[in-house]
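User: Please take a close look at how the aromatic side chains pack in this model. Then set that part in the context of the rest of the chain.

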Amino acid sequence: MAVTIEESWKQQLKTEFEQPYFKQLSQFIKAEYALHTCYPKGKDVFAAFDHSPFDETKVVIIGQDPYHGPGQANGLCFSVKEGIAHPPSLINIFKEIETDLGKPYPQSGNLERWAAQGVLLLNATLTVRAHEAGSHQKRGWETFTDAVIKRLSDKREGLIFMLWGGFAKKKASLIDKKKHHILTSGHPSPLSANRGYWFGNRHFSQANEILKQAGQEPINW
């Protein structure tokens, strides 16, 4: 797997790309893409980084792994390509924004518009085999994305990390709480949201308030 990734991230992560685990991961991914249908497309595997350079990242949202249905995944967590029906978690994210910020429900589920404003939409696992959720977990991606979170924590200040659900909340241990803001809630999936663990978290207005107080542009969610 040839790593083509945005230049500032390439500089930050070059030591990771040289690690034995990453070389093994690359071989695994190369074989998977050759033998099976996998998502996202090869050119989109590092899309989250390409859309949100290291020094421009303001907010980090952590997902688990890419959507595994045809035409859904575009390399940004919770996001789908233009014209694709919104998956249940994304519907609940947009519903929360509606009530939190009074914004109308959007037509497009493509979150590149967020990424362009400095929202890093990071899945813990960056690839998946078609129709097999979690099929590329525990192969090295988590080691890589943990290093990403740690690098942001160490080298940046005042970032907002949104940790939704048990899996994402475990990533709090990688983040320096004295330097950064951590917002936690249940996951936006229907299972969690319908039990009252998601709706009303007001993460989007909270994030914008934090950014404003720091003299930064709020996000147009």
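Analyst: A residue counts as buried when its relative accessible area is under 20%, and as exposed when that value is over 50%. The model is a predicted one.

Searching the whole structure gives 22 aromatic pairs. One of them is formed by W9 and F54, whose ring centres are 5.1 Å apart and whose planes make an angle of 85°. Since planes over 60 degrees apart count as edge-to-face, this pair is edge-to-face. It connects distant parts of the chain, as W9 belongs to helix α1 (residues 7–17) and F54 to the loop between α3 (47–51) and β2 (59–63), 45 residues apart. W9 has a relative accessibility of 0%, so it counts as buried. F54 comes to 2%, which is under the cut-off, so F54 is buried too.

A second pair is made by F94 and W114, with ring centres 6.5 Å apart; their planes are at 85°, so this pair is also edge-to-face. It too links distant parts of the chain: F94 sits in helix α4 (residues 88–101) and W114 in helix α5 (residues 112–115), 20 residues apart. Both F94 and W114 are buried.

W9 and F54 are also members of one aromatic cluster, together with F17, Y21, F22, F46, F49, W141 and F144. Of these, F22 is placed in helix α2 (residues 20–35). F22 counts as buried because its relative accessibility is 2%. By C-alpha positions, F22 lies 31 Å from G109, a residue 87 positions away in sequence.

Now the chain around these rings. Its secondary structure amounts to nine helices and six strands. The radius of gyration is 17 Å, close to the 17 Å from the globule rule for 221 residues, so the chain is as compact as a globular protein of that length. Along the principal axes, the C-alpha atoms fill a box of roughly 45 × 35 × 25 Å. Of the 221 residues, 53% are buried. Among contacts with a separation of 6 or more, 64% are between residues 24 or more positions apart. The exposed area of the chain is about 10,300 Å², and carbon and sulfur atoms supply 50% of it. There are 27 positive and 23 negative charges, and their mean positions are 4 Å apart.

Helix α4 and helix α5, which hold F94 and W114, also take part in covering helix α9. The buried residues of α9 are H203, F204, S205, A207, N208, I210 and L211. An α-helix has 3.6 residues a turn, so residues three or four places apart point the same way. The cover over the buried residues of α9 includes β2, α4, α5, β5 (160–164) and β6 (181–185). N208 lies in α9, which spans residues 203–213. It is buried because its relative accessible area, 10%, is under 20%. Apart from residues up to four places away in sequence, N208 touches P218, I219 and W221. Just after α9, G215 has a positive phi of about 75°.

On the other side of α9 in sequence, Y197 is in the loop between α8 (190–193) and α9. Setting aside neighbours within four places in sequence, Y197 contacts S185, G186 and S192. Its C-alpha atom is separated by 32 Å from that of K155, which is 42 residues away along the chain.

The backbone has some further points to check. Most residues other than glycine have a negative phi, and most peptide bonds are trans. The bond joining Y39 and P40 is cis, with omega about -5°. P40 is in the loop between β1 (38–39) and α3. H131 is not a glycine but has a positive phi of about 65°; it occurs in the loop between β4 (128–129) and α6 (141–155). H131 is exposed because its relative accessibility is 58%. K138, also not a glycine, has a positive phi near 60° and lies in the loop between β4 and α6. With a relative accessible area of 73%, K138 counts as exposed.

How values were computed: Residues numbered from 1 in each chain as written. Predicted model: local features only at pLDDT ≥ 70, side-chain atom pairs only at ≥ 80, totals over all residues. Heavy atoms only, no water. Phe/Tyr/Trp six-rings, centres within 6.5 Å; stacked < 30°, edge-to-face > 60°. Helix = DSSP H or I, 4+ residues; strand = E, 2+ residues; numbered from the N terminus. Buried < 20%, exposed > 50% of the residue type's maximum accessible area, 1.4 Å probe, protein only. Rg over C-alpha atoms; globule rule 2.2 N^0.38 Å. Contact = heavy atoms within 4.5 Å. Areas by Shrake-Rupley, 256 points an atom, 1.4 Å probe, with all protein chains shown as cover. Lys, Arg positive; Asp, Glu negative; His and termini not counted. Charge placed at Lys NZ, Arg CZ, Asp CG, Glu CD.
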